[in-house]
Amino acid sequence: MLENRWLLPEGIEELLPPQATRLETLHRRLVDLYDSWGYELVMPPFIEYIESLLTGTGNDLDLQTFKLIDQLTGRLMGVRADMTPQVARIDAHRLKRDVPSRLCYLGTVLHTRPQAHGGTRSPVQVGAELYGHPGPESDIEVLQLMVETLRSVGLERIHLDLGHVGVFRALACRAGLSTELEGALFDALQRKAMPEIEALLATHDISAANAVMLKSLADLNGGGDVFGRARAVLAPAMAEVGPALDNLQRIAETVEGLADVEVHFDLAELRGYHYHTGAVFAAFVPGRGQAVAQGGRYDDIGRVFGRARPATGFSIDLTALLALVPEQPHVRTGIYAPWSDDTALACRVAALRKQGERVIQALPGQGGDAAAMGCDRQLLIEGGEWQVVPLGAK
């Protein structure tokens, strides 16, 4: 097996030049974008005690989390599979602010299994979270920032899918669904499997009115007319589902006005159902079947850390996003400096680097010339001073 030592585990990747440079450039651009909106950067640890990572809404991440024993304490630890619970802990336990907090983050997460066939298990996750405001206005802000994130990297023709887990949750409660039936119906609704939905409702003791409303969720999707159709078919449960519909419609009024963005509503879209508490959303672009960004509201996420705060946010796999960004021709330029003990040369190299130039100094006995090292200029003595001249000049 010695010849295979270079192999990486399946789903674990590394970035080489120039992809690593592209990723870091994108990273800097997004952090600057988020800063311009007032979002402060945080850097949670790569590993934490499992109780912190999988507490509360983080429980859905259990199967995706690598676990190990801390050799110092004997306690169980986990490698983060999602950064949102970590950022919630920071907001609730470390910052303890009474005003809304806008936080952003970027870092590698690790999954036990890829989320899609052939996908990565080590995505680079970037995201933004807004804590401390319960209204639709904060959902609108993070949605707009998510769209701006995609636009800032050159993606166009963005398609937004919006839903609200409060509608299904209210109907399930009204119908008195058992945990098992709620889970099975949730799964069938995601697949729009109407025969399966009808069978589940028919084989359980559910009133005809409640069954009709639950079944109708599979068809309540489309454009803005969804809201009128929903209010008609869900009229008997309007006291329970009305607030969720009002909330989603308020968000819709703004996001439908975004230029070059197509908006689709789906009341059976329950992405992250056990994780989210309100509006949920995802962004798609042509040529990719999976969402490129997703998020939603997850109120009270910080309760287990001592402070229940309303929260909303989104996350993006930056490596997947990078693959969708048109790659610009990468022209490596730099200044080639010969090896020398000349103090004047050392001072000139230092000054050029301080000015932002890329200077590569030759090493004694090395192979390859200046061009092979990505340089288009060189330092030569002219008039007794080290001058930058085009490559090939004498």
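Which strand does Glu129 lie in? Select residues 124-131 and you have the answer: that stretch is strand β6, and Glu129 is part of it. We'll come back to this residue after a look at the whole chain. Keep in mind that you are looking at a predicted model.

**Stop 1: the whole chain**

Show everything as a cartoon. The protein chain has 12 helices and 16 strands. Its radius of gyration is 27 Å, well over the 21 Å that the globule rule gives for 394 residues, so the chain is more spread out than a compact globule. Switch to a C-alpha trace and line the view up with the principal axes: the span is about 95 × 55 × 50 Å.

Now try a surface. About 19800 Å² of the protein chain is exposed, and 54% of that comes from carbon and sulfur atoms. If you colour by burial, 46% of the 394 residues count as buried. A contact map is worth opening too: among contacts with a separation of 6 or more, 66% are between residues 24 or more positions apart.

**Stop 2: Glu129 and its surroundings**

Back to Glu129, this time with side chains on. Is Glu129 buried or exposed? Its relative accessible area is 0%, and under 20% counts as buried, so Glu129 is buried.

Next, select what Glu129 touches, skipping residues up to four places away in sequence. The list is Tyr39, Thr84, Val87, Ser101, Arg102, Leu103, Tyr105, Tyr298, Thr312, Gly313 and Phe314. Two of these deserve a distance label. The side chains of Glu129 and Thr84 are joined by a polar contact of 3.2 Å. The side chain of Tyr105 also makes a polar contact with that of Glu129, at 3.2 Å.

One more distance to draw here runs from Glu129 to Asp91. They are 38 residues apart in sequence, and their C-alpha atoms are 9.8 Å apart in space.

**Stop 3: Glu141**

Select residues 136-152 to bring up helix α4, which holds Glu141. With a relative accessibility of 16%, Glu141 counts as buried. Which residues is Glu141 in contact with, leaving aside neighbours within four places in sequence? Show Trp37, Tyr39, Arg102 and Leu130. Tyr39 and Arg102 should look familiar: Glu129 touches them too.

**Stop 4: the three-stranded sheet**

Hide the side chains and find β2 (47-49) and β3 (66-69). These are the edge strands of an open sheet, each pairing on one side only. The order across the sheet is β2-β4-β3, and the pairing is antiparallel. Neighbouring strands are turned by 35° against each other on average, direction ignored.

For a closer look at one pairing, select residues 76-79, which make up β4. How many bridges does β4 share with β2? There are three, in the antiparallel sense. To pick out a particular bridge, click Glu48 and then its partner in β4, Gly78.

**Stop 5: the four-stranded sheet**

Now head for the other end of the numbering. Four strands make an open sheet here, in the order β14-β13-β15-β16, with mixed pairing. The edges are β14 (359-361) and β16 (385-390), each pairing on one side only. From one strand to the next, the twist averages 40°.

Select residues 335-337 for β13. This strand runs parallel to β14, and three bridges join the two. Click Ala337 and look across to β14: the residue opposite is Gln361.

**Stop 6: backbone oddities**

Finish with a few backbone torsions. Where is the cis peptide bond? Zoom in on Pro17 and Pro18, which it joins, with omega at about 0°. Pro18 sits in the segment before α1 (19-36).

Then jump to Lys96, in the loop between α3 (84-95) and β5 (101-108). This residue is not a glycine, yet its phi is positive, near 55°. Lys96 is exposed, with a relative accessible area of 52%.

The last selection is Asp300, in the loop between β11 (293-297) and β12 (311-317). Here too phi is positive in a residue other than glycine, with a value near 65°. At 36% relative accessibility, Asp300 counts as partly exposed.

Terms used. Residues numbered from 1 in each chain as written. Predicted model: local features only at pLDDT ≥ 70, side-chain atom pairs only at ≥ 80, totals over all residues. Heavy atoms only, no water. Pairing = 2+ DSSP bridges. Axes fitted to C-alpha atoms, helices over the stretch in contact; angles between N-to-C directions. Rg over C-alpha atoms; globule rule 2.2 N^0.38 Å. Buried < 20%, exposed > 50% of the residue type's maximum accessible area, 1.4 Å probe, protein only. Contact = heavy atoms within 4.5 Å. Areas by Shrake-Rupley, 256 points an atom, 1.4 Å probe, with all protein chains shown as cover. Polar contact = N/O pair within 3.5 Å; in protein donor to acceptor, adjacent residues only side chain to side chain.
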